Amino acid sequence: MDSDGTQDARGTHADRVPRPAGPPQVPPRPARAPGMPSAPDGPTFLTWLRTPRPEAAPGVWRFGHVPRPEEEPEETPARQLLSGALIAFLVGWLIWSLLSNGYLGGWWILPLELFTPDSWRNSDSRIVRFLVFEGYTVLVVFAIMIGVGRLGRWSEVWRRFVAPRLRRVVPQQAPPTPEEDPAQWNQLRAAGAADAAERLGAEARAGHMRDVDQARIARAWQGVRSGQHSLATFSGAVLRDGAAACLHPSGERDLPGRLARHDLVTGQVRLGTTADDPRNPYSYRGTGLALGPDLLGTSLLAVGPAGSGKTGGVVWPLAESLCLHALAGRAAVVVVGAAGAGLGPVDAYDVVVRVGNPESVYDLDLYGGTTDPDEAAAVLAEALVGDLADPHPGADSRRSTTVLAQLLGPYRAVHGRFPSVPELRQLLDGAPGPLGALRKALTEGGKESLLRELDARERQLGQPGDVGSVLADRVALLDRPAFATFFDTSGQSRPFSLRALDHPVRVRIDLPERGHADASRMLARLVLAQFAASVAVREDRSLFACLVLDDATGVITPEAVRGIQRLRSANAGVVMTLRTLDDVPRPLRSPLLGAIGCRMALSGLTPWDGQDFAEVWGKEWTEARDVTDRQIIAETPAGKAVHMLRRVITGNAPTARAVTVRQVERERWSASELAHGVPPGYAVLSLTSVRGEHAPPLLVDLRS
């Protein structure tokens, strides 16, 4: 049987005998894709849980990390080291040969005569004399070896060249004491929940617990300590359900599959390996590069051309990690991207909004779930015309917000809801019918203040500088047959609102791309504006909220930059990708890079994009060495003859080398290095944590 399931033509006669028809035998579905890391469960869970995770610098993969010194130790070149060791051995051999043959006299025998009794040296026993004289000889040889070994640095030769080649059994890690064993749940025992701790310990030893269970129960225990839940309720759930206690509302205990390596104890996901490059700090070289909520809380921007690995190497591993955090009750995540962009299977999410797809189960709330007309107007104005505002940090879309508020407030007062997309378009166009009906209802209700709002809107219709027509044109992009069943405000659909970020929800929003590129960018701006507004008013900010935008083209506006700056204080962050910084208005590039804490430049960057990264990463003091060769001029006939002989042998004139060492200020990464010095599959990444800790730009291999 071939690998593709076809029968080999060279099979035997028995293989070609027809067999009775039967139901097809379908092979069992594998637990994960080939090469995909498995979740720590079963017998590997305790090993995973007990693995040390020392404190480390921002971005270092802490699982099993072995800290390295801050400064690189000075290593002697291998050729110089080995030749020095050999010369030291020959010198020691020469010294011993001269001593043993009497060329240096007999003074080295004097200590033996001074410190040993005559009866030993003059004993009739050959064995005693042999032990005395030969033992002393061995001591002298040993002393010579110690001296020349220190001079020849034999210990460094052993450490660098011999010891790594010897096969040695790696000692097994000693099991932790019961007081230090995380599988004992000592914090529960100290609080009086010994029965719950015993149940969890038994589940872990039996192989029924996995990493998500441990993180979820630890999160629930934090709720008990903060007073959100009672100890009796927590203990009862653990005793009843064991490792399945305190489940996520979806009932899931893990994702259908995993692409990246995750450590839910530290909350990190591994993206790659820091390259062993001189431009990286020595303490980072060769270590794993990982991100977690402590770094994503300052937001992340990844810039690179198509095919550089933004989605597969950065976006989906981070989205997968956030989905695991959501299952553990630690985070809420909203992933926005084009349909079919490779943002994970549908089963990995609780809510999937497929805008423009008639089969979509969920709808998108155009107004973000708010009941305040002014707030709804501000968010909607940012989505509709935020990219048309003056692209300067101080600009805003206040006029557009006022126009929308003049219509949304009266409409909600009359109908108890906000207008749908066709109704809003008619109101912005100034259609006499809808405006007249709205005026009549307001008059009958005696709502004078709202009538004044409507009068002001009608006076502005058709006037120079009125933004109502621009808003109507933008709303018309959503008033298309493809979106006829979306953005419903009558209560007949299941709209998703970003107000749900108070809960550990996993959401994916698929934006239409074919034929609706402008509408997709507008909806992306809408989701970002609603996200920034929603996380700012959450009651429980212990839940980390993150928005992942797979393509932020056309999304960056002055208001978006201000919203990103406010996310850190709300325990929230945003992950964005761009093909080029040219997709951001020039006046907003520096404010955007300043508002983002984690900046990533992938391979294939253009030099002008690299210039922006080089400016934001700044300069550093480095040690520069200038080497000059000065020709030596001989003044004596003998010196001239020696120089002539040397020139004949080497082909070069005799020179004297002078080395000048000085401190200079240079860019950490220049625009040319970012454009041409980053290999494919690599990226340069700088990090900032929510505690203010920094990591310099690091060259990272995203494929390892």
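This section describes the strands around β2, the cysteines and the aromatic contacts of a predicted model.

Strand β2 spans residues 268-274, and 6 of its 7 residues are buried, so the strand is largely enclosed by the rest of the structure. Pairing was found between β2 and three other elements, β1, β3 and β16. Strand β1, formed by residues 261-263, runs antiparallel to β2 and is joined to it by 3 bridges. Within this pairing, His 262 stands opposite Val 269 of β2. The two strands form a hairpin with 4 residues between them, and in this hairpin Gly 267 adopts a positive phi near 80 degrees.

Strand β3, comprising residues 288-291, is also antiparallel to β2, with 4 bridges between the two. Here Val 269 has Leu 291 of β3 as its bridge partner. Val 269 of β2 is thus placed opposite His 262 and is bridged to Leu 291 in β3. A further antiparallel pairing links β2 to strand β16, residues 694-701, through 2 bridges. In that pairing, Thr 274 is matched with Val 700 of β16. In general, the side chains of a regular strand alternate between the two faces of the sheet.

The cysteines were examined next. A disulfide is a covalent bond between the sulfur atoms of two cysteines. The search of the whole structure returned 0 disulfides. Cys 323 accordingly takes part in no disulfide, and the nearest cysteine sulfur, belonging to Cys 546, lies 10 Å away. Because a disulfide requires two cysteine sulfur atoms within 2.5 Å, the 10 Å separating the sulfurs of Cys 323 and Cys 546 does not qualify. Cys 323 has a relative accessibility of 0% and therefore counts as buried. Cys 246, by contrast, is partly exposed, its relative accessible area being 27%.

Aromatic contacts were also assessed. A pair of aromatic rings is described by the distance of the centres and the angle of the planes. The count of aromatic pairs comes to 9. One aromatic cluster is made up of Phe 89, Trp 93 and Trp 154.

Charged side chains were found over aromatic rings as well. Arg 53 lies over the face of Trp 48, at a distance of 5.0 Å from the ring centre. Arg 68 places its charged end over the ring of Tyr 282, 4.2 Å from the centre of that ring.

How values were computed
Residues are numbered from 1 along each chain as its sequence is written. This is a predicted model: local features need pLDDT of at least 70, side-chain atom pairs count only at pLDDT 80 or more; totals for chains, interfaces and linings use all residues. Side-chain values use heavy atoms; hydrogens and water are left out. Buried means under 20% relative accessible area, exposed over 50%, partly exposed in between (1.4 Å probe, protein chains only). Two strands pair if DSSP finds at least two bridges between them. Rings of Phe, Tyr and Trp (its six-membered ring) pair if their centres lie within 6.5 Å; planes under 30 degrees apart count as stacked, over 60 as edge-to-face and the rest as tilted. A charge sits over a ring if NZ of Lys or CZ of Arg is within 6 Å of the ring centre and within 35 degrees of the ring normal.
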